[in-house]
Amino acid sequence: MESGIMIEEKEINLSVSFREKEINLSSIIRVMWERGKRILLFTLLCTALAAIVSLLIHNRYESAAVLFMNKSKLGERTMQYPSVPMRTYEKLFMQDEVILDVMKKYALDQSPYSFKYADDLRDRIMVYYLIDTSLINIAVVLEDPQTAADVANELASRAIAKVDNLLRIEQNTS
């Protein structure tokens, strides 16, 4: 005892007792087998669902025609006519009368397509303008690849005919 203060010393037992777990190999194999069955069942279920969906979905084919549009040189000297924007060409061959004629020509108003309105076919036609070029890409998506190609080519032919007709009119007026 020093200076009248009593200090108690206690021995603290800090030893932590770890209980060793016995690894039972048979229980591990059983858990893996049970979970493996669930994984296998889930995999087989997803595979069957994917097979059913793939059988129900109809194949669709895309066919495209690419047009090169020259600028008209008529009226260039007098600057009488402004240059024609590329979107103008799309309006020429995407008119209802053109679409309906193409639908009748290729029997798209009958089974299996049964398109009733021009918008039904127009929804399957995509027109892309390639940036910084004079190229127009006309793409058609249908269930039959030959019909898709025929419709794309027909639309391209109609576009060429309409532009030629406009050029003749432009030549006759100048």
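**View 1. Here's Glu154 and the residues it touches in this predicted model.** Leaving aside neighbours within four places in sequence, Glu154 is in contact with Val102, Lys105 and Tyr106. With Lys105 there's also a polar contact, side chain to side chain, at 2.9 Å. Glu154 sits in helix H5. Is Glu154 buried or exposed? Its relative accessibility is 11%, and buried means under 20%, so Glu154 counts as buried.

**View 2. Now for helix H5 where it meets the strands.** Helix H5 covers residues 145-173 and lies across S1, S2 and S3. Set against S1, the helix runs at about 20 degrees.

**View 3. This one shows the open sheet of 3 strands.** Read across the sheet, the order is S1-S3-S2, and the pairing is antiparallel. Strand S1 (61-68) and strand S2 (125-129) are at the edges with a single partner strand each, so one side of each has no neighbour in the sheet. On average, neighbouring strands here are turned by 20 degrees against each other, direction ignored. Zoom in on S1 and strand S3 (residues 135-142), and you'll find an antiparallel pair joined over 8 bridges.

**View 4. Last up is Ser63, in strand S1.** Which residue of S3 stands opposite Ser63? That's Val140. Setting aside residues up to four places away in sequence, Ser63 touches Ile138, Ala139, Val140, Ala148, Ala149 and Ala152. Ser63 has a relative accessible area of 15%, and the cut-off for buried is under 20%, so Ser63 is buried.

Notes: Residues numbered from 1 in each chain as written. Predicted model: local features only at pLDDT ≥ 70, side-chain atom pairs only at ≥ 80, totals over all residues. Heavy atoms only, no water. Pairing = 2+ DSSP bridges. Helix = DSSP H or I, 4+ residues; strand = E, 2+ residues; numbered from the N terminus. Axes fitted to C-alpha atoms, helices over the stretch in contact; angles between N-to-C directions. Contact = heavy atoms within 4.5 Å. Buried < 20%, exposed > 50% of the residue type's maximum accessible area, 1.4 Å probe, protein only. Polar contact = N/O pair within 3.5 Å; in protein donor to acceptor, adjacent residues only side chain to side chain.
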